[in-house]
Amino acid sequence: MNLITWNVRGLCRPAKRFLVRDFLNIHCSDVCCLQESKLSEISQSVWREIGGTRFDKFVYLPARRSTGGIIIRWNSLVVDGKLEGSGTFSLSVNFQSKRDNLIWSCTAVYGPNLMSSKAGF
């Protein structure tokens, strides 16, 4: 199983979404964590631009204003995933491998840039 984590620095432009999708497809990742998506919501059409057909499941923590945003996505042919929890700056998913039944957790974190928010982080 392959896992990729990447600070993508924004997925608002279609060209950037296609770049990310192509990179992930080339490297055949099964689970992917994307930080700093800068997306406050993800429609099905935007999701297809980011995930293509390989990643059919995902959960996300929306960006606040134009900062942050986390996406954890996976290929459900390889792993089952279930949202375990989300916080202000983190998103956690429990996974179970369909190949060997290995159970593991993945937590993606994206910390704040503003000094006033760092104490809460």
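**Helices and sheets of the predicted model**

Helix H2 lies across strands E2, E3 and E4, and runs at about 70° to E4. The structure described here is a predicted model. The strands that H2 crosses belong to an open sheet of four strands, arranged in the order E1-E2-E4-E3. Pairing within this sheet is mixed. Its edges are formed by strand E1 (3–7) and strand E3 (57–61), each of which pairs on one side only. From one strand to the next, the twist of the sheet averages 10°.

Strands of a sheet pair through backbone hydrogen bonds, either parallel or antiparallel. E1 and strand E2 (residues 31–35) run parallel and are joined by five bridges. At the level of single residues, leucine 3 has valine 31 of E2 as its bridge partner. Helix H1 also packs on this sheet, where it touches E1, E2 and strand E4 (70–74). The direction of H1 makes about 155° with that of E1.

The two helices also meet each other. Two packed helices are described by the angle between their axes and the distance between the axes. For helix H1 (residues 14–26) and helix H2 (residues 44–51), the axes come within 6 Å and cross at roughly 45°. H1 and H2 are therefore oblique to each other. On the side of H1, the contact is made by Pro14, Arg17, Phe18 and Arg21. H2 contributes Val46, Arg48, Glu49, Ile50 and Gly51. Sorted by class, the residues in the contact of H1 with H2 comprise four nonpolar, one polar and four charged.

A further open sheet consists of three strands in the order E5-E6-E7, and its pairing is antiparallel. Strand E5 (79–86) and strand E7 (103–109) occupy the edges; each has a single partner strand, so one side of each is left without a neighbour in the sheet. The twist of this three-stranded sheet averages 25° from one strand to the next. Strand E6 (residues 90–97) pairs with E7 in the antiparallel sense, and seven bridges connect the two. Within this part of the sheet, phenylalanine 95 has tryptophan 104 of E7 as its bridge partner.

Definitions and conventions:
Residues numbered from 1 in each chain as written. Predicted model: local features only at pLDDT ≥ 70, side-chain atom pairs only at ≥ 80, totals over all residues. Heavy atoms only, no water. Axes fitted to C-alpha atoms, helices over the stretch in contact; angles between N-to-C directions. Parallel < 35°, antiparallel > 145°, perpendicular 65-115°, else oblique. Contact = heavy atoms within 4.5 Å. Nonpolar A, V, L, I, M, F, W, Y, C, P; charged D, E, K, R; others polar. Pairing = 2+ DSSP bridges.
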